[in-house]
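Reader: I am new to this structure. Please choose one part of it and take me through that part closely.

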Amino acid sequence: MKLNFLQKALISLFTLFAFAFQAKAQAPHTPIPAEIMFGNERLDFQLIVKRDFSPTSKFSLVAISIFAQNYDRERTLGNSIVAPVQVTYKLGKSGFSLAAGAEANSKVGFMPMAGVQHVFANREVLALTFVNVLSNQGADGQIFGIYEYKPRLNDTWSIYSRVQLMYIQGISETSHRRSFLYLRAGLKKGPLGFGIGANWDAYGTERQTAQNFGLFTRWEF
């Protein structure tokens, strides 16, 4: 029996949740952020897992699951799964790593991928960037980035803001495949964050667009 979009999304999320909690048990010092946004058009969910193979290893695993489901079941534009999984190898202390893995993308397909990652992180700033080449009946170029700014207001509260983006374009055909821009602005207290969010998604060579605006909440497990 062919699984529908929501069933595939739930299976994907369940698998990543199981991995996330197993990884947390092994290395509890690294947060695992899970976020849900209740928008005017659809429900958006995101889970990010980043784990070193061991405390001294140069290898890490980065697994991200992003999915969106329209409230209106008759409407398919906006339904989406983006789930890249990559193993990275640190290149010294520069913040750069080599990366290789695969991405399951409901609009583009399942694609092996390889590229370069750069990460910068401190108490207030997180900047994570991937530049990849994806192979799926041709070659696509991808830029994927997550950029957070979390300045402290006092001993308890911080501002939480994030810019998140992805752009996939065919290399030989130089045509747009898939892109998005997600914005978040709110407050953070310990592992809890909440606020307002805006999502813009574009699909295919014609750049069909879908927007979603609403309230989000997140928890760092």
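**Strands β6 and β7 and their surroundings**

Author: Strand β6 (residues 109–121) and strand β7 (residues 125–135) run antiparallel to each other and are joined by nine bridges. Strands here are DSSP runs of E at least two residues long, helices are runs of H or I of at least four, and both are numbered from the N terminus; two strands pair if DSSP finds at least two bridges between them. One of the matched residues is Met113, whose bridge partner in β7 is Leu134.

The model is predicted: local features need pLDDT of at least 70 and side-chain atom pairs pLDDT 80 or more, while totals for chains, interfaces and linings use all residues. Residues are numbered from 1 along each chain as its sequence is written, and side-chain values use heavy atoms, without hydrogens and water.

The pair β6 and β7 belongs to a barrel that twelve strands close, in the order β1-β2-β3-β4-β5-β6-β7-β8-β9-β10-β11-β12, with antiparallel pairing. The protein chain has one helix besides its twelve strands, and along the sequence the helix comes before the strands, in the pattern α-β-β-β-β-β-β-β-β-β-β-β-β.

Both β6 and β7 also take part in the largest pocket, each giving two or more residues to its lining. A pocket is an open set of points on a 1 Å grid over the protein atoms alone, where a 1.4 Å probe fits, with protein on both sides within 12 Å along at least five of seven lines; lining residues have an atom within 4 Å of a point. Of the 30 lining residues, Thr30, Lys50, Val119, Ala121 and Leu126 lie nearest the centre. The other elements that give two or more residues are β2 (42–52), β3 (59–70), β4 (80–90), β5 (96–105), β8 (139–149) and β12 (208–220). Strand β2 supplies the largest share, five residues.

Strand β2 forms a hairpin with β3, with six residues between them. Eleven bridges hold this antiparallel pair, and Arg51 stands opposite Leu61 in β3. On to the next neighbour, β3 pairs with β4 in the antiparallel sense over eight bridges, among them the match of Phe59 with Tyr89 in β4. Strand β3 is mostly covered, with eleven of its twelve residues buried (under 20% relative accessible area, 1.4 Å probe, protein chains only).

As for confidence, the chain averages a pLDDT (the predictor's confidence in each residue, from 0 to 100) of 88, and 87% of the residues score at least 70. The lowest mean, 52, belongs to helix α1 (residues 5–26), and the highest, 98, to strand β11 (residues 192–203).

Note on methods: Buried means under 20% relative accessible area, exposed over 50%, partly exposed in between (1.4 Å probe, protein chains only).
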